[in-house]
Amino acid sequence: MTYTITLEEMEFKAYHGCYDLEKVVGNRFLVNITLDAELDEAAQADDVTKTINYLRVYAITAECMKRKSDILENVTLRIIDALYAEFPQLRRVCATVSKLAPPLGGKIRKVSVTLCR
């Protein structure tokens, strides 16, 4: 059986962007992650050590967000790679990284990149 775990709207201050100013002043980012995993053993045993630890998912995401990238695609891929490396139970991961109020010359709420693998 496949279980889905979702962490929604994790907010970070980070320094991603292709413009020099973005790498200095930073911006606010939201990250959403959906994890599909085989967790029957964890569910039946009621054992946190056999499941996907939410705190660890958040910590991995936060660590990935600290490394500067020019494009959101790179950050998104880095998060997914790190999660797969940590949790062998994963079968599918979708991550969306959104930059809030991006400097595009007009009013825009956010721009996002989603990657599923």
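How much accessible surface does the protein chain have, and what share of it belongs to carbon and sulfur atoms? In this predicted model, the accessible surface of the protein chain comes to about 7,000 Å², with 52% belonging to carbon and sulfur atoms. Buried residues account for 40% of the 117 residues in the chain. Along its principal axes, the C-alpha trace spans about 50 × 20 × 20 Å.

The secondary structure consists of 4 helices and 4 strands. Read from the N terminus, these elements follow the order β-α-β-α-α-α-β-β. Contacts between residues far apart in sequence are well represented: of the contacts with a separation of 6 or more, 60% involve residues 24 or more positions apart.

A helpful place to begin the local description is Tyr-15, found in the loop between strand E1 (2-14) and helix H1 (20-25). Tyr-15 counts as partly exposed because its relative accessible area of 29% falls between the 20% and 50% limits. Beyond its neighbours within four places in sequence, Tyr-15 is in contact with Glu-22, Lys-23, Val-24, Val-25, Gly-26, Phe-29, Lys-68 and Ser-69. One of these partners, Lys-68, lies 53 residues away along the chain, yet the C-alpha atoms of Tyr-15 and Lys-68 are separated by 5.6 Å.

Another of those partners, Ser-69, sits in the loop between H3 and helix H4 (72-86). With a relative accessible area of 5%, Ser-69 is buried, since the limit for that class is under 20%. The side chains of Ser-69 and Arg-78 are joined by a polar contact of 3.0 Å. Leaving aside neighbours within four places in sequence, the contacts of Ser-69 are with Tyr-15, His-16, Gly-17, Asn-74, Val-75 and Arg-78.

Thr-96 offers a second buried site, this time within strand E3 (residues 90-100). Its relative accessibility is 17%, so Thr-96 counts as buried. A polar contact of 2.7 Å links the side chain of Thr-96 to that of Thr-114. When neighbours within four places in sequence are set aside, Thr-96 touches Leu-30, Val-31, Asn-32, Ser-112, Val-113 and Thr-114.

Two residues deserve a look for their backbone angles. Glu-9, which is placed in strand E1, has a phi near 55°, a positive value in a residue other than glycine. Glu-9 counts as exposed because its relative accessibility is 55%, and the exposed class begins over 50%. Asp-46 likewise has a positive phi, of about 55°, although it is not a glycine. Asp-46 is found in the loop between helix H2 (40-45) and helix H3 (54-66). Its relative accessible area of 73% makes Asp-46 exposed.

The description closes with the largest pocket, which holds about 200 Å³ of space. This pocket is lined by 14 residues, and the closest to its centre are Cys-18, Glu-22, Asp-70, Lys-99 and Val-111. By residue class, the lining divides into 8 nonpolar, 2 polar and 4 charged residues. Glu-22 also ties the pocket to the loop described earlier, as one of the residues in contact with Tyr-15.

Conventions: Residues are numbered from 1 along each chain as its sequence is written. This is a predicted model: local features need pLDDT of at least 70, side-chain atom pairs count only at pLDDT 80 or more; totals for chains, interfaces and linings use all residues. Side-chain values use heavy atoms; hydrogens and water are left out. On a 1 Å grid over the protein atoms alone, a cavity is a set of points where a 1.4 Å probe fits but cannot get out, and a pocket is an open set with protein on both sides within 12 Å along at least five of seven lines; lining residues have an atom within 4 Å of a point. Grid points are joined across faces, edges and corners, and a volume is the space filled by probe spheres set on the points. Ala, Val, Leu, Ile, Met, Phe, Trp, Tyr, Cys and Pro count as nonpolar, Asp, Glu, Lys and Arg as charged, and the others, Gly among them, as polar. Helices (H or I, at least four residues) and strands (E, at least two) are DSSP runs, numbered from the N terminus. Buried means under 20% relative accessible area, exposed over 50%, partly exposed in between (1.4 Å probe, protein chains only). A polar contact is a pair of N or O atoms within 3.5 Å; within protein, one must be able to donate a hydrogen and the other to accept it, and residues adjacent in sequence count only if both atoms are side-chain atoms. Contact means heavy atoms within 4.5 Å. Accessible areas come from the Shrake-Rupley method with a 1.4 Å probe; for residues, only the protein chains shown count as cover.
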